[in-house]
Amino acid sequence: VVGVEKAGCRVWYLEVGAHRDDGTIPQVFFSGALHGNERVGPTALVELVAWLCGHHAPRIPPGTPRGSPGEDEAGRWARRLLETRTLVVLPAANAVGYHVARRVEGNVDPNRDFAFDT
């Protein structure tokens with residue numbers, strides 16, 4: 001978990017999953033609360049990470065071979081995702097707007113502030 005200071009608010013992000021310094025692991029980016037008045041996004045992303053980490057451990061009844069129908073399907077999916085990807089999660093992209101419950105950050109709508117020529 002890493003945080004940076006922006007206009008008095010900490011902007012936190014976290015990385016979970018497989019990590020390699022050689023760039024061979026795909027990264028998946030999740031962003032919540034692009035607009036500060038979007039309240040459910042940050043909670044949904046934190047819950048997603050908690051769910052993935054909670055299902056990462058095998059939930060297999062004793063004596064059940066891996067990959068068999070008795071293995072927990074959600075756990076198999078979560079393990080595959082976390083073992084083959086790096087998830088970068090930014091719960092509140094507009095932390096300042098979230099803090100004051102305003103759509104904009106400063107006087108700029110974040111939806112209108114993306115580079116369009118890249």
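Is serine 31 buried, exposed or partly exposed? Keep that in mind as you load this predicted model; we will come to serine 31 after a look at the whole chain.

**Start with the whole chain**

Colour by pLDDT to begin. The average over the protein chain is 81, and 78% of the residues score at least 70. Now pick out two strands: S1, residues 2-6, has the lowest mean pLDDT of the elements at 62, while S4, residues 86-90, has the highest at 94. As you look around, remember that where pLDDT is low, the predicted coordinates should not be read in detail.

Switch to a cartoon view and you will find three helices and four strands. Walking from the N terminus, the order is β-β-β-α-α-β-α. With a surface on, you are looking at about 7,700 Å² of accessible area, 56% of which belongs to carbon and sulfur atoms. Of the 118 residues, 31% count as buried. If you like contact maps, take those contacts that join residues at least 6 apart in sequence: 68% of them link residues at least 24 apart.

**Select serine 31**

Go to strand S3, residues 27-31, where serine 31 sits. Here is the reply to the opening question: serine 31 is partly exposed, because its relative accessibility is 40%, and partly exposed covers values between the 20% and 50% limits. Show its neighbours next. Leaving out residues up to four places away in sequence, serine 31 touches Leu45, Leu90 and Ala93. Then draw a distance from its C-alpha to that of valine 89: the two are 58 residues apart along the chain, yet the separation is 6.2 Å.

**Step along to alanine 33**

Alanine 33 is in the loop between S3 and H1. This residue counts as buried because its relative accessible area is 3%, under the 20% limit. Its contacts beyond four places in sequence are Glu38, Gly41, Pro42, Pro91, Ala92, Ala93, Asn94 and Tyr98. For another distance, try glycine 97: it is 64 residues from alanine 33 in sequence, with 8.6 Å between the C-alpha atoms.

Check the backbone torsions while you are here. Most residues other than glycine have a negative phi. Alanine 33, though not a glycine, has a positive phi of about 55°.

**Cross over to asparagine 94**

One of the contacts of alanine 33 is Asn94, so select that residue now. Asparagine 94 lies in the loop between S4 and helix H3, which spans 95-100. How buried is asparagine 94? Its relative accessible area is 1%, which means it counts as buried. Its side chain reaches the backbone oxygen of arginine 103 at 3.2 Å. Setting aside residues up to four places away, asparagine 94 touches Ala33, Leu34, His35, Gly36, Arg102, Arg103, Val104, Glu105 and Pro110.

**On to alanine 101**

Move into the segment after H3 to find alanine 101. Alanine 101 also has a positive phi of about 55° without being a glycine. At 48% relative accessibility, alanine 101 is partly exposed.

**Finish with two helices**

Show H1, residues 40-56, together with H2, residues 73-84: their axes come within 8 Å and cross at roughly 105°. That angle falls in the range from 65 to 115 degrees, so H1 and H2 are roughly perpendicular to each other. To see the contact, display Trp51, Leu52, Cys53, His55 and His56 on H1. On the H2 side, add Ala74, Gly75, Trp77, Ala78, Arg79, Leu81, Leu82 and Glu83.

Technical notes:
Residues are numbered from 1 along each chain as its sequence is written. This is a predicted model: local features need pLDDT of at least 70, side-chain atom pairs count only at pLDDT 80 or more; totals for chains, interfaces and linings use all residues. Side-chain values use heavy atoms; hydrogens and water are left out. pLDDT is the predictor's confidence in each residue, from 0 to 100. Buried means under 20% relative accessible area, exposed over 50%, partly exposed in between (1.4 Å probe, protein chains only). Contact means heavy atoms within 4.5 Å. A polar contact is a pair of N or O atoms within 3.5 Å; within protein, one must be able to donate a hydrogen and the other to accept it, and residues adjacent in sequence count only if both atoms are side-chain atoms. Accessible areas come from the Shrake-Rupley method with a 1.4 Å probe; for residues, only the protein chains shown count as cover. Axes are lines fitted to C-alpha atoms, for helices over the stretch in contact, and angles run from 0 to 180 degrees between N-to-C directions. Angles under 35 degrees count as roughly parallel, over 145 as roughly antiparallel, 65 to 115 as roughly perpendicular and the rest as oblique.
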